[in-house]
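I opened my notebook today to look around a protein model, one stop at a time. Come along and check each stop with me.

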Amino acid sequence: MQTHHYPVTDNFPEALLKSRKAAVAKVFRDASAHRLQLIYTRIDRDAQQRPQFTDFHFGIGRGWYCYPASTVKLPTALLALEKLNDLQIPGLDRHAAMFTRPLPGINPGVLHDYSAAGKLPSISHYIKKIFLVSDNDAYNRLYEFLGQEPLNRRLWELGYAGTEIRHRVGLPLQMAANMHTNSVYFRAGRQLLYDQPEQRSNLVFAPRQDLAGKQHIDHRGRLENRPMDFSYRNRLPLNELHQMMRQLFFPETVTNPFRLRLTEDDYNFLYRCMSQYPGESTDPVYNTGQYHPAYVKFLLFGGRQAARIPDHIRIFNKPGWAYGFLTDTAYIADYAHHVEFLLSASLLVNKDGPLGEDQEAFETTGKPFLKALGELIYEEELQRKKMYQPNLDRFRVHQTQIL
């Protein structure tokens, strides 16, 4: 079976829990209020380089809801590539120009993407923007390509029973509006490759009660003196997000019914997108003052503009941050010291103030915690003796331009 059901009992290494790193200790002292959840996977290879996994977890299985924010962009990107493969239409690949028709009152259409070298939108370009800078509109367009119902049904088929991707992000739309997705079509020059009508989801999600915070700022900017209701919002439990990462980086360990229908080229493309820095991309091109190398690299480097990331370390990740919640999930590789591990963490950074007024807490609590946590695990891995050194060559894809 694909899904991992973690027990309530924590088995996170005690030495790490008792760390003297101030940023880690601060959050662990009040772990429940922060809804802290962690999963760390040690990877040991055998003589044939087959991986064996040992999981350590904290706070998993306690029923704490954490708003997934932009982490939902990861499974959406994976399934967009899979859908292209499933359609089996000659000429229809991730580079094909993808146009979106408007859905009045919900989302306008797209005929151009001026950040693309050819000024045309495509699945490839949307995925690059998702991983390089966590672009919201890029995710929304893939959500529309997939449709709410097919997206969720496929995730459930893959064993991610707790995941619900119900809505676009960055748009204050009602539940009914997010059930409707725009019509899209693909062209190669003047040739129409594929035309998909607008879709309406008939999914009925099971009732939930997911509340957080003591106060929140509503979508009109008004202060509400009550918890924020997340019951109709996206849900992506940390253990399922972590499993998606394991499936992405170690597809050979997944049994057939639960395997993504992706090609070797798809995997290499995703690895490049997830590990490149904005300044390494020539299509799209980003302002490196704003979009510095650590812009979306929170574990180990804290998203700090001043961070100097060594050439021999690469972080393949997808973070999310909104409404007081911060999550990051990463496969981290050090080519020089033969280190590799998977690490996922989520926490409520703003446990006291209104949700929606979170920027200070992200900077003072959340990002320093993820930086220090990444350092702890990395230092642990540097010291750990392994019988066989991992061959990490398949992940050295960041050195080529994303195609």
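Below are my entries, in the order I made them.

**Entry 1: what I am looking at**
I noted before anything else that this is a predicted model. I then looked up its UniProt annotation: an unreviewed entry gives "domain: Beta-lactamase class A catalytic" for residues 65–255. I checked that span in the model and found 34% helix and 14% strand, with the end C-alpha atoms 29 Å apart.

**Entry 2: helix α9**
I asked myself how far apart the end C-alpha atoms of helix α9 are, and whether that agrees or disagrees with 1.5 Å a residue. The helix has 12 residues (264–275), so it should span 16 Å; I find 17 Å between its end C-alpha atoms, which agrees.
Next I looked at its cover. Nine of the 12 residues in α9 are buried, including Asp266, Phe269, Arg272 and Ser275. I traced what the buried residues pack against: α3 (73–87), α4 (123–133), α8 (238–249) and β12 (313–322).

**Entry 3: helix α4**
I followed one of those neighbours. How many of the 11 residues of α4 are buried? My tally is 11 of 11, so α4 is largely enclosed by the rest of the structure. The buried residues include His125, Lys128 and Lys129 as well as Ile123 and Val133. Among the elements covering them I found α5 (136–146), β3 (97–100) and β5 (184–188), and α9 turns up here too. Right after α4 comes Ser134, and I wrote down its positive phi, near 60°.

**Entry 4: strand β14**
I moved to strand β14, residues 339–348. Here 10 of the 10 residues are buried, so this strand is also largely enclosed by the rest of the structure. I sorted the residues by the way they point: Val339, Phe341, Leu343, Ala345 and Leu347 go one way, while Glu340, Leu342, Ser344, Ser346 and Leu348 go the other, and all are buried.
Which strands pair with β14? I found β13 (residues 325–334), antiparallel over 10 bridges, and β1, antiparallel over six bridges. I picked out a pair on each side: Ile332 stands opposite Phe341, and Tyr40 has Leu343 as its bridge partner.

**Entry 5: the hairpin residue**
I looked at the four residues between β13 and β14 in their hairpin, where His338 has a positive phi near 55°. I underlined this one, as His338 is not a glycine. Is His338 buried or partly exposed? At 31% relative accessibility it counts as partly exposed, because buried means under 20% and exposed over 50%.

**Entry 6: two arginines**
Arg35 sits in the loop between α2 (22–28) and β1. I noted its phi near 50°, a positive value in a residue other than glycine. Its relative accessibility is 16%, so Arg35 counts as buried.
Arg42 belongs to strand β1, residues 37–45. At 18% relative accessibility, Arg42 counts as buried too. I saw its side chain make a polar contact of 3.1 Å with the side chain of Tyr40. Leaving out residues up to four places away in sequence, I listed what Arg42 touches: Gln52, Phe53, Thr54, Phe56, Glu380, Glu381 and Arg384.

**Entry 7: a cis bond**
My last stop was the loop between α9 and β12, where Pro284 lies. The peptide bond from Asp283 to Pro284 is cis, and I wrote down an omega near 5°.

Definitions and conventions: Residues numbered from 1 in each chain as written. Predicted model: local features only at pLDDT ≥ 70, side-chain atom pairs only at ≥ 80, totals over all residues. Heavy atoms only, no water. Expected span 1.5 Å × (residues − 1). Buried < 20%, exposed > 50% of the residue type's maximum accessible area, 1.4 Å probe, protein only. Contact = heavy atoms within 4.5 Å. UniProt positions renumbered as here; feature names shortened; annotations may be inferred. Polar contact = N/O pair within 3.5 Å; in protein donor to acceptor, adjacent residues only side chain to side chain. Pairing = 2+ DSSP bridges.
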